[in-house]
Amino acid sequence: MKTKDFMENYIIIKELDDEEIIKELRRWYSTNITECSLCNKMILTKEAVEYNNKEFIKRICKRCYEKELENSENENELNNETEIEKRLERLKNLIKVLEIEVSDGKLLRLISMEYKDVDILNADFIKLFQKYKNEADKEIKFILPFENEIENLLING
Ligand SMILES: [Zn+2]
């Protein structure tokens with residue numbers, strides 16, 4: 001381990017005899033060096049990153065930390081994608097039962113506009129959406145109320 005910290009320390013202790021040097025080195029090592037719990041590389045304790053991995057806190061090196069961050073981001077993205085795919089399949093099956101014609105692309109657009117399944121699974125809703133599909137999302141959201149809003153209108157109306 002050739003780091004500036006180590007060399008500085010070494011210059012101070014090199015006057016000591018061998019046994020003491022070893023003792024000093026061990027002491028320096030145990031207070032300044034940590035093992036990365038992922039790649040097992042020896043790293044300077046002050047450069048170790050505390051990584052909170054849901055269940056426990058690990059002390060890891062910067063490289064592993066960056067890798068971990070990247071992995072967890074990819075994982076989230078994948079989860080989102082499969083969630084949307086599952087929802088699309090479910091919607092398509094239910095829409096078939098209702099005998100409504102609507103393409104995957106339009107369903108995905110409605111999902112991305114944050115409409116809920118209860119909103120989408122409604123023949124009148126889909127008809128309105130088809131009619132206004134060329135409008136901007138903002139306009140459509142104005143024209144096609146969300147289920148909650150319809151309920152609110154009924155309650156307050
Ligand atoms: Zn590491």
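## A tour from the α3/α4 crossing to two loops

Begin by selecting helix α3, residues 62-97, together with α4, whose axes come within 10 Å and cross at roughly 120 degrees. Because angles of 65 to 115 degrees count as roughly perpendicular and those over 145 as roughly antiparallel, this value makes α3 oblique to α4. The crossing of these two helices is right-handed. Bear in mind throughout that the model is predicted.

To see what forms this contact, select Ile-84, Arg-87, Leu-88, Leu-91 and Lys-92 on α3, and then Asp-104, Leu-107, Leu-108 and Ile-111 on α4. Coloured by class, the contact of α3 with α4 shows six nonpolar and three charged residues, with no polar ones.

Keep Leu-107 selected as the next stop. Leaving aside its neighbours within four places in sequence, Leu-107 is in contact with Leu-88, Leu-91, Lys-92 and Val-102. Leu-107 also belongs to the largest nonpolar core, so extend the selection to the other members, Leu-110, Tyr-115, Ile-120, Ile-126, Phe-129 and Leu-144, which bring the core to seven residues in all. The elements that give two or more residues to this core are α4, spanning 104-112, and α6, spanning 123-132. Another core lies apart from this one and has six residues, among them Cys-36, Ala-48, Ile-60 and Cys-64.

Move now to Glu-114, in the loop between α4 and α5, the latter being residues 117-120. Is Glu-114 buried or exposed? With 10 C-beta neighbours inside 10 Å, Glu-114 counts as exposed. Its backbone deserves a look as well, since phi of Glu-114 is near 70 degrees, a positive value in a residue other than glycine.

A second residue with positive phi is Asn-40, which is not a glycine either and has a value of about 65 degrees. Select Asn-40 in the loop between β1, residues 33-35, and β2, residues 42-44; Asn-40 is exposed, with 9 other C-beta atoms within 10 Å.

Finish in the loop between β1 and β2 by selecting Ser-37. Ser-37 has 16 C-beta neighbours inside 10 Å and therefore counts as partly exposed. Which residues does Ser-37 contact, leaving aside its neighbours within four places in sequence? Select Lys-58, Arg-59 and Ile-60 to display these contacts of Ser-37. As a last step, draw the C-alpha to C-alpha distance from Ser-37 to Cys-61, which is 8.3 Å in space for two residues that are 24 residues apart in sequence.

Key:
Residues numbered from 1 in each chain as written. Predicted model: local features only at pLDDT ≥ 70, side-chain atom pairs only at ≥ 80, totals over all residues. Buried ≥ 20, exposed ≤ 12 C-beta atoms within 10 Å, placed from the backbone. Helix = DSSP H or I, 4+ residues; strand = E, 2+ residues; numbered from the N terminus. Contact = placed C-beta atoms within 7 Å. Axes fitted to C-alpha atoms, helices over the stretch in contact; angles between N-to-C directions. Parallel < 35°, antiparallel > 145°, perpendicular 65-115°, else oblique. Left-handed = near helix turned anticlockwise from the far one by under 90°. Nonpolar A, V, L, I, M, F, W, Y, C, P; charged D, E, K, R; others polar.
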